[in-house]
Each structure stands twice: as C-alpha cells, then as structure tokens.
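Me: I would like to learn how to read a structural model feature by feature, taking the general idea and then the particular case. Could we work through one together?

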Amino acid sequence: MVSEAVVQWLKEETEPYVYPITKFLGSLHIHPHVLTLFSFISGILATFFLFENHLLFILFGFLHLFFDVFDGHVARYLRLDSAFGKQLDQAVDRAVGFALLTKTVAMMMPSFWWLPLLFVL
C-alpha cells in the first residue's frame, strides 16, 4: 500500500496540470458518469485492439486512463461526487481489467480461455 505522504506529494505535484483540465471539463458541464462511461467504452475498445492494432490499443488505452482519472476530479469540481459514482468507477476499472486479463489468457493459452472466470467465482 502506498503511504499517505506519497499520495499527498503526488497530488501536490500534479495539481498544476490536472486542475486546468478539470476546470475545462467542468465548464462543459459533462456529468462525471458520462466520463466513466467513456472510460468503459475506451477500455473495452483498447482490449479489442490489444493484439490486433497496437496503435489503436495505445490510443484507446490512454483515452481510458484519461477518462478514468478525470471522472473523479470533475465530480468533485462540480460537487457531484457520490457513493454510487465511486462504485461505478471501481466496477468499470474491474471490468476493463478483467477484459484485458481474459483477452491475454485467451491469446496466450487458447485452451485455457476459461481460466479468468475462476476470479469471478
């Protein structure tokens, strides 16, 4: 687990870069759940292109990370943060991670495509 001091230092160092983007997205009045949905869609598209097209994988992967980072920041900026939003964000992160794991296992060990399903049970 990362110590609280490291997290605080990271927040202080990235604030000059994160806040202007958060303010811009907030000025567009984009609901944070929409950003979470974009994160999910771009994460699934990144998974689809994982072994097919590396450039599109990187593009959609970065889009997923961008939307995943800024949905929480925009929610706090617009004062729309909620317990549901936190749960939705975590569920999307888990779903994209599970999709990446499943695709990787399916491509590397085709006869063991069912193996990631054990993590669900």
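Reply: Let us begin at a local feature of the backbone, and keep in mind throughout that this is a predicted model. Just after helix 1, histidine 29 takes a positive phi of about 55 degrees, and histidine 29 lies in the loop between helix 1 and helix 2 (32-48).

Me: What should I make of a positive phi at a residue that is not a glycine?

Reply: The general idea is that most residues other than glycine have a negative phi. Histidine 29 has its positive phi although it is not a glycine, and its relative accessibility of 66% is why it counts as exposed. Arginine 79 can be read in the same manner: its phi is positive, about 60 degrees, although arginine 79 is not a glycine, and its place is in the loop between helix 3 and helix 4 (83-108). Arginine 79 counts as exposed because its relative accessibility is 72%.

Me: How much confidence does the predictor assign to the protein chain, and which elements have the lowest and the highest mean pLDDT?

Reply: The general caution is that where pLDDT is low, the predicted coordinates should not be read in detail. Here the mean pLDDT of the protein chain is 90, and 98% of its residues reach 70 or more. Among the elements, helix 5 (residues 117-120) has the lowest mean pLDDT, 71, whereas helix 2 has the highest, 96.

Me: How many helices and strands are there, and what are the spans of the C-alpha trace along its principal axes?

Reply: The protein chain holds five helices and zero strands, so that, by the way such elements are assigned, the pattern read along the sequence is α-α-α-α-α. Along its principal axes the C-alpha trace spans about 50 × 30 × 25 Å. Of the contacts with a separation of 6 or more, 70% are accounted for by residues 24 or more positions apart.

Me: Where is the kink in helix 1, and against which element do the buried residues of that helix pack?

Reply: In helix 1 (residues 4-27) a kink of about 60 degrees lies at glutamate 15, shortly before proline 16. The buried residues of this helix are Val18, Thr22, Leu25 and Gly26, and they pack against helix 3 (54-77).

Me: Which residues make up the largest nonpolar core?

Reply: In soluble globular proteins, nonpolar side chains tend to be buried together. In this model the largest nonpolar core has six residues in all, namely Val18, Leu25, Leu35, Phe67, Phe70 and Val74. Helix 1 and helix 3 are the elements that give two or more residues to this core, and helix 3 gives the most, with three residues. For one of the core members, phenylalanine 67, the contacts beyond four places in sequence are with Leu35, Phe38, Ser39 and Ser42. Over the whole protein chain, buried residues make up 26% of the 121 residues.

Me: How many salt bridges does the structure hold, and which residues take part?

Reply: Side chains of opposite charge can pair when their charged atoms come close. The structure holds one salt bridge, in which the side chains of glutamate 52 and lysine 103 meet at 3.9 Å, N to O. The pair links distant parts of the chain, 51 residues apart, with glutamate 52 in the loop between helix 2 and helix 3 and lysine 103 in helix 4. The two partners differ in their surroundings: glutamate 52 counts as exposed because its relative accessibility is 53%, while lysine 103 has a relative accessible area of 17% and is therefore buried.

Me: What is the situation of aspartate 89, and how far away is the nearest side chain of opposite charge?

Reply: Aspartate 89, found in helix 4, is buried yet has no salt bridge, and the nearest side chain of opposite charge, arginine 76, is 7.9 Å away. Leaving aside neighbours within four places in sequence, aspartate 89 is in contact with Thr36, Asp68 and Asp71.

Me: Is alanine 99 buried or exposed, and which residues does it touch?

Reply: Alanine 99, which lies in helix 4, counts as buried because its relative accessibility is 18%, where the cut-off for buried is under 20%. Not counting residues up to four places away in sequence, alanine 99 touches Ile44 and Thr47. Alanine 99 and isoleucine 30, by comparison, are 69 residues apart in sequence and 26 Å apart in space, C-alpha to C-alpha.

Methods
Residues are numbered from 1 along each chain as its sequence is written. This is a predicted model: local features need pLDDT of at least 70, side-chain atom pairs count only at pLDDT 80 or more; totals for chains, interfaces and linings use all residues. Side-chain values use heavy atoms; hydrogens and water are left out. The bend at a residue is the angle between axes fitted to the seven residues ending there and the seven starting there. Helices (H or I, at least four residues) and strands (E, at least two) are DSSP runs, numbered from the N terminus. Buried means under 20% relative accessible area, exposed over 50%, partly exposed in between (1.4 Å probe, protein chains only). Contact means heavy atoms within 4.5 Å. A nonpolar core is a set of buried Ala, Val, Leu, Ile, Met, Phe, Trp, Tyr and Cys residues joined through side-chain atoms within 4.5 Å. Lys and Arg count as positive and Asp and Glu as negative; His and the chain ends are not counted. A salt bridge is a side-chain nitrogen of Lys or Arg within 4 Å of a carboxyl oxygen of Asp or Glu. pLDDT is the predictor's confidence in each residue, from 0 to 100.
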